[in-house]
Amino acid sequence: MPESIPTPVAPPPDILRCAYMELVVTDLAASRNFYVDVLGLVVTEEDAEAVYLRSIEEFIHHNLVLRQGPVAAVAAFSYRVRSPQELDRAVAFYTELGCEVRRAPEGFTRGIGDSVRVVDPLGFPYEFFYDVEHVERLAWRYDLHTPGALVRLDHFNQVTPDVPRAVRFMEDLGFRVTEDIQDAEGTTYAAWLRRKPTVHDTAMTGGDGPRMHHVAFATHEKHNIIAICDKLGALRLSDRIERGPGRHGVSNAFYLYLRDPDGHRVEIYTQDYWTGDPDNPVVTWDVHDNQRRDWWGNPVVPSWYTEASLVLDLDGVPQPVVARTDTSEMAVTIGADGFSYTRPEDDADALPSWKQGEYKLGHQL
Ligand SMILES: [Fe+2]
């Protein structure tokens with residue numbers, strides 16, 4: 001078990017929100033087709049090496065950078081901070097922790113000014129910036145909206161072996177827990193953390209890591225997600241759908257998980273809830289509650305638990321992946337020894353026979 005991360009004396013930067021992800025893709029044309037032609041993200045700028053994309057309500061330069069590279073991976077989880085001065089705080093905070101810290105006064109990507117990139121103590125490449133090029137906010141451009149329009153970047157999701165250790169560090173960075181998944185033995189399987197007043201800006205999912213589980217974009221309403229499914233079917237791209245659509249237990253949001261041409265996972269997400277009060281209650285779910293990840297009790301496919309994207313260090317080298325040693329959520333819920341319940345007072349074998357198999361690997365047709 002690695003030691004816990006010390007709390008720096010230096011205060012953390014004041015983070016506003018998750019702002020963009022830089023994704024390395026191995027076939028830029030294929031990725032551009034998926035994110036622009038299929039999902040409808042808006043191209044702010046592009047060249048032979050990279051495409052800069054934004055959602056329709058965004059006014060900063062981009063929410064997603066697709067950059068051509070040799071290995072599919074994440075180059076940066078980028079957050080906007082409240083003022084330019086917060087970058088000095090970011091440098092001091094991570095330097096005190098002994099992390100690698102780099103500052104680029106002209107930015108690491110187009111459209112972004114003074115920026116700080118670090119490899120954080122959990123092994124993730126994090127970026128902080130304030131200065132950014134403003135672009136047209138297309139919220140009122142209904143002539144450009146599609147039935148499945150992606151309106152905002154909502155959150156990141158990170159895979160890390162030791163969730164409580166990650167949560168303690170993220171709390172030092174100024175994040176608050178909104179929900180988590182635990183068991184009676186005290187194992188934490190996942191936690192959701194926010195800066196903006198939604199359920200999360202990022203989540204920590206227990207597993208081999210550091211890896212990126214998904215990046216999530218919001219639609220206005222549930223029917224927009226159904227429209228995306230219909231479009232994927234019409235394009236004979238239903239194999240891009242990994243899980244859903246459905247209603248989450250955690251976050252209460254309506255969801256759909258897709259896989260891009262490199263396997264990077266993208267969630268389409270809508271209608272979670274306000275969390276901005278200082279005494280916002282934390283919601284803890286039992287890992288054996290089969291409504292925690294899907295409110296309708298639909299099973300989670302194994303790939304959703306096991307597969308995730310590599311993350312890069314500041315030189316573009318994939319970070320080594322460390323195995324989780326705590327029990328895995330898949331093993332305790334749908335593995336050979338796992339169980340789930342619909343009603344907590346029921347026996348473990350009380351699920352009807354036609355439902356039980358859905359929670360055991362190898363029982364799905
Ligand atoms: Fe998510």
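Two strands are taken to pair if DSSP finds at least two bridges between them. Helices (H or I, at least four residues) and strands (E, at least two) are DSSP runs, numbered from the N terminus. The structure is a predicted model, in which local features need pLDDT of at least 70 and side-chain atom pairs count only at pLDDT 80 or more, while totals for chains, interfaces and linings use all residues. Residues are numbered from 1 along each chain as its sequence is written, and side-chain values use heavy atoms, with hydrogens and water left out.

Strand β10 (residues 176-182) has two partners. With β11 (residues 188-194) it runs antiparallel, joined by six bridges; with β17 it runs parallel, joined by four bridges. D180 stands opposite A191 on the β11 side and opposite T284 on the β17 side. Five residues separate the strands of the β10-β11 hairpin, where G186 has a positive phi near 95°. Five of the seven residues of β10 are buried, leaving the strand mostly covered; buried denotes under 20% relative accessible area, exposed over 50%, and partly exposed the range in between (1.4 Å probe, protein chains only).

An iron ion is bound by three protein donors, H155 (NE2), H214 (NE2) and E267 (OE), at 2.0 to 2.1 Å. Donors are N, O and S atoms within 2.8 Å of the metal (3.2 Å for Na, K and Ca); water is not among the atoms, so sites may look incomplete. Along the chain the donors of the iron ion are spaced as H-x58-H-x52-E. H155 belongs to strand β9 (residues 152-160) and E267 to strand β16 (residues 265-270), so this pair ties together parts 112 residues apart in sequence. H155 and E267 are both buried.

The largest nonpolar core comprises 60 residues, and Y35, F77, Y94, Y126 and F128 have the most contacts inside it. Such a core is a set of buried Ala, Val, Leu, Ile, Met, Phe, Trp, Tyr and Cys residues joined through side-chain atoms within 4.5 Å. Neighbours within four places in sequence aside, Y126 is in contact (heavy atoms within 4.5 Å) with residues including F77, Y79, Y94, V116, M170 and L173, as well as the polar or charged R117, D120 and Q158. A second core, of 13 residues, lies apart from it and has I181, A203, A216 and A253 among its members. Helix α1 (residues 28-38) has L28, S31, F34, Y35, V36 and V38 as its buried residues. The helix is followed by G40, with a positive phi near 80°.

Several further backbone features were found in the model. The peptide bond from G209 to P210 is cis, with omega near 10°, and P210 lies in the loop between β12 (202-206) and β13 (211-218). Another cis peptide bond joins G244 and P245, with omega about 5°; P245 is placed in strand β14 (residues 241-247).

Positive phi values also occur at residues other than glycine. S251 has a phi of about 80° and is found in the loop between β14 and β15 (254-259), where it is buried, with a relative accessible area of 1%. Q271 has a phi near 70° and is found in the loop between β16 and β17 (283-286). Q271 is partly exposed, with a relative accessible area of 34%.
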